[in-house]
Amino acid sequence: MGFLKENNRTIPVADKVFALNGRAKAATAEKGKDKVINAVIGALLDDNGDLVVMSSVVDAIKTLGPVDYAEYAPISGTPAFREAVKKALFGKFVPEGFIEVSVTPGGTGSISSVVANYTNVGDAVLTHDWCWANYRNICSQQGRKLKTFRFFDEEGKFDSADLEEQLNELAKEQDQIVLMINSPAHNPTGYSLSLEDWDNVVRIVNNAPCNVVLFLDVAYIDYAGEEDEVRAFMPKFEALGDHVITIYGYSASKTLTAYGMRCGAIVLVTKDEQTAVEFKRASEYFARSTWSNCNRSAQVLMGKIYSDPELLAKVDEERRGYRDMLLERGRVFEKTLNDNGVKCVPFSAGFFVTVGCDDPAAVGAALEAQDIFALALPKGIRVSIASISKEKCVKCAEAIAALIRK
Ligand code: PLP
């Protein structure tokens, strides 16, 4: 007894998401797929409830050889992978300046890396109050705190005033701030910042009285809408001052429907060569001292796909079909909710929709009693529309609306 050192971390007894998913799976096994709605996990399932694995990606995987799996990869990633990430991430909006790419195990690894290398122990990272719960865990694991600004004001608009206030407040205590923004197709709300919202972000960080590391978590970018439209915010960062750097958290998990291959990248954009050199040194050191090198086969796969225009066109085309399926589910969910007199938290696209409510735990429990499984967050219910069919979206929205109205 008593061997564990908590070190100020809050280590939960069980991961809430995986526990809820476990109950949903048990209910499905007992009662059948049709009787249960499992809207817990953020992985894309088809209307039959089976995991979507893009066939164009599977075909590409089949061309890999034993060495592609077995050999160690360079710490910062294979050269072909690093080139592939630039294409995948920026599309036609490749920024000016120095771009450094370092492979990470999924987008999660990029978040750990930015926290480790761009904040002091004890610092706070700033993000929106609606956020992926793992941001808090990653900060806690590394002896950092998570501070939040209000994502939406009373009118449901991006609350840039509160962002400015919280950033300036934190600047009184820290000489550098990591500001994390998850957009487009934010988890858990599905919100995508508008170009006007981004203008405000740029203005606010440019006026900040300290260094700012603007961390852009774009894990869901390839499901947010048309490729160019969803990247149109990127050129805005050309106007950032010298006290700001942008770092992207890239994830191949959703982009390639390859969650288990654990592939992502941390990507720096800067005008300053020295900052780029430092980034490379620090991100490689962090990788070496935590997960070491990443999965080589996933990197070879990315390299193959993004250097073969024909193959890339196939993958993009196939993903577009799934993206549109997902967008349609989102529209249907939102419309059903609205038709039943309830609004969701501003939604644009993505794997999740969130419905705000006063007692999420009670609503979540009441849903579970009807064999509808969705995650209760501090201020609402998160529904993974990625994992349920259009028909189930309708049922789920009706059930949530009925409970909230009651
Ligand atoms: N960022 C957000 C907001 C996410 O929801 C996720 C996954 O759920 C990730 C990043 C990283 O995912 P992965 O590490 O699987 O690439």
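Helix α8 offers a starting point: its residues Asp 197, Trp 198, Asn 200, Val 201, Val 202, Ile 204 and Val 205 are buried, where buried means under 20% relative accessible area, exposed over 50% and partly exposed in between (1.4 Å probe, protein chains only). Helices (H or I, at least four residues) and strands (E, at least two) are DSSP runs, numbered from the N terminus. The model is a predicted one, in which local features need pLDDT of at least 70 and side-chain atom pairs count only at pLDDT 80 or more, while totals for chains, interfaces and linings use all residues. Residues are numbered from 1 along each chain as its sequence is written, and side-chain values use heavy atoms, with hydrogens and water left out.

The buried residues of α8 pack against α7 (160-171), β5 (176-182), β6 (211-217) and β7 (244-251); contact here means heavy atoms within 4.5 Å. An α-helix has 3.6 residues a turn, so residues three or four places apart point the same way. The expected span of a helix is 1.5 Å times one less than its number of residues. For the twelve residues of α8 (residues 195-206) this gives 16 Å, which agrees with the 16 Å between its end C-alpha atoms.

The path continues from β6 to Tyr 220, which lies in the loop between β6 and α9 (227-230). Tyr 220 counts as buried because its relative accessibility is 7%. Not counting residues up to four places away in sequence, Tyr 220 touches Pro 184, Ala 185, Asn 187, Lys 254, Phe 351 and Phe 352.

Tyr 220 also leads to the ligand: of the 13 residues around the ligand, Tyr 220 is among those that come nearest, together with Thr 108, Asp 217, Ser 251 and Ser 253. A residue is near a molecule or strand if one of its heavy atoms lies within 4 Å of it. The shell around the ligand divides into three nonpolar, seven polar and three charged residues. An oxygen atom of the ligand is 2.5 Å from an N or O atom in the side chain of Thr 108, and for the side chain of Arg 262 the corresponding distance is 2.8 Å. The protein covers 91% of the 400 Å² of accessible area that the ligand has on its own, as given by the Shrake-Rupley method with a 1.4 Å probe; for residues, only the protein chains shown count as cover. Helix α5 gives the most to this shell, with three residues.

Definitions and conventions
A polar contact is a pair of N or O atoms within 3.5 Å; within protein, one must be able to donate a hydrogen and the other to accept it, and residues adjacent in sequence count only if both atoms are side-chain atoms. Ala, Val, Leu, Ile, Met, Phe, Trp, Tyr, Cys and Pro count as nonpolar, Asp, Glu, Lys and Arg as charged, and the others, Gly among them, as polar.
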